[in-house]
Amino acid sequence: MKEKLFVVKIGGALIDDDELLNQFLEQFSEIKEKKILVHGGGKLATTLADKLGIEQKLVNGRRITDKDTLDIVAMVYAGGINKNIVAKLQQKKCKAIGFSGADANLIKAKKRKNAEIDFGFVGDVEEKSVNRKLINKLLKLSLTPVFSAITHDKKGNLLNTNADTIASVIAQSLSSKYEVELLYCFDKEGVLGDVDNPKSVIKTVSEEEFSILKEEGKLHKGILPKLENALGAVKNNVNKVFLIKETQLKNHIENHHAGTEICL
Ligand SMILES: Nc1ncnc2c1ncn2[C@@H]1O[C@H](COP(=O)(O)OP(=O)(O)O)[C@@H](O)[C@H]1O
Ligand SMILES: CC(=O)N[C@@H](CCC(=O)OP(=O)(O)O)C(=O)O
């Protein structure tokens, strides 16, 4: 039987809230099995860019990343947020080690080419972009890798990659070695039938149900790329994939199965 591995992704609102982040990291550090944390931080990057007067534009949930924006996201994601999370995890006795994808060539990306829209320094990743062997070695040393949303092209450039996608490809790449459970932790109770009603959690979402929900206009903004990445993971052999509320991590892991399960 394969050993269990949790790949956990956090983003936006949680990273902005010190107390919530602390509570979350407490729950995360209590996971006894092997684990990897992937974080975004889009909201903080936008706040800093606004302060600096650098206008931000997102298309289909992806940030158009010019050189100034790349400087900001590299500082915010791979610098401030990543190192803060690692420090907080050390305090909680979790042996965390923080990375961008450039470190030890852990995640190599391809600069996005799109005829209609120039996304700038945005990197696309797939399962084979991930240095699975090295991540596995780190896990075997009982270390907990913490990944930011920064990758590289191996030509000397950093690239900005959606953190939900990074979590999905890491989970995919390790699923031949581990029984991987991918958890997208965010500010809602799961996928909601009515985004304003926390009680309207949809227990399971398949590809077909995803299309129907989309057609019915029930999914907007960030939940769309999140679900696409979650479905991509399920289709590529990741054992279990859930979307859960960030405060529910411990509850979920202790078998209460909070949130929405993504299935084939
Ligand atoms: N049907 C839905 N169920 C849950 N969330 C939804 C739904 N439709 C839209 N959303 C929005 O998607 C957001 C999550 O995406 P996003 O903000 O990108 O998360 P993160 O930054 O944590 O990755 C929720 O906060 C919510 O506002
Ligand atoms: C290319 C691209 O869009 N990258 C994302 C990476 C950060 C991220 O994904 O942050 P959240 O998980 O907090 O949304 C961005 O810059 O917003």
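Student: Which atom of Ile-223 lies 3.4 Å from an oxygen atom of ligand 1, one in the backbone or one in the side chain?

Tutor: When you look at a contact like this, check which part of the residue takes part. In this predicted model, a backbone N or O atom of Ile-223 lies 3.4 Å from the ligand 1 oxygen. Ligand 1 also has a nitrogen atom 2.8 Å from a polar backbone atom of Lys-218, and a nitrogen atom 3.3 Å from a polar backbone atom of His-220. The protein covers 81% of the 570 Å² of accessible area that ligand 1 has on its own.

Student: Which residues come nearest to ligand 1?

Tutor: Start from the whole neighbourhood, then pick out the nearest names. Here 16 residues are around ligand 1, and Lys-9, Asp-187, Leu-192, Lys-218 and Lys-226 come nearest. Ligand 1 sits in the largest pocket.

Student: Where does ligand 2 sit?

Tutor: Ligand 2 sits in the largest pocket. It is surrounded by 16 residues, with Lys-9, Gly-12, Gly-41, Arg-63 and Tyr-77 the closest. Notice Lys-9, which is listed for ligand 2 and also for ligand 1.

Student: What is 2.5 Å from an oxygen atom of ligand 2?

Tutor: Again, look at the part of the residue involved. An N or O atom in the side chain of Lys-9 is at that distance. For Tyr-77, too, a side-chain N or O atom is involved, 2.7 Å from an oxygen atom of ligand 2. With Gly-41, a polar backbone atom is 2.9 Å from a ligand 2 oxygen. Of the 430 Å² of accessible area that ligand 2 has on its own, the protein covers 89%.

Student: How far apart are the end C-alpha atoms of helix α4?

Tutor: A helix can be checked by comparing its expected span with its actual one. Helix α4 covers residues 67-91, and because its 25 residues at 1.5 Å a residue should span 36 Å, the 35 Å between its end C-alpha atoms agrees.

Student: Where does α4 bend?

Tutor: Follow the axis along the helix: α4 bends by about 30° at Asn-82. After α4 comes Lys-93, with a positive phi near 65°.

How values were computed
Residues are numbered from 1 along each chain as its sequence is written. Chains are lettered from A and ligands numbered from 1 in the order in which they are written. This is a predicted model: local features need pLDDT of at least 70, side-chain atom pairs count only at pLDDT 80 or more; totals for chains, interfaces and linings use all residues. Side-chain values use heavy atoms; hydrogens and water are left out. Helices (H or I, at least four residues) and strands (E, at least two) are DSSP runs, numbered from the N terminus. The expected span of a helix is 1.5 Å times one less than its number of residues. The bend at a residue is the angle between axes fitted to the seven residues ending there and the seven starting there. A residue is near a molecule or strand if one of its heavy atoms lies within 4 Å of it. A polar contact is a pair of N or O atoms within 3.5 Å; within protein, one must be able to donate a hydrogen and the other to accept it, and residues adjacent in sequence count only if both atoms are side-chain atoms. Accessible areas come from the Shrake-Rupley method with a 1.4 Å probe; for residues, only the protein chains shown count as cover. On a 1 Å grid over the protein atoms alone, a cavity is a set of points where a 1.4 Å probe fits but cannot get out, and a pocket is an open set with protein on both sides within 12 Å along at least five of seven lines; lining residues have an atom within 4 Å of a point. A molecule sits in a cavity or pocket if more than half of its atoms lie within 2 Å of its grid points.
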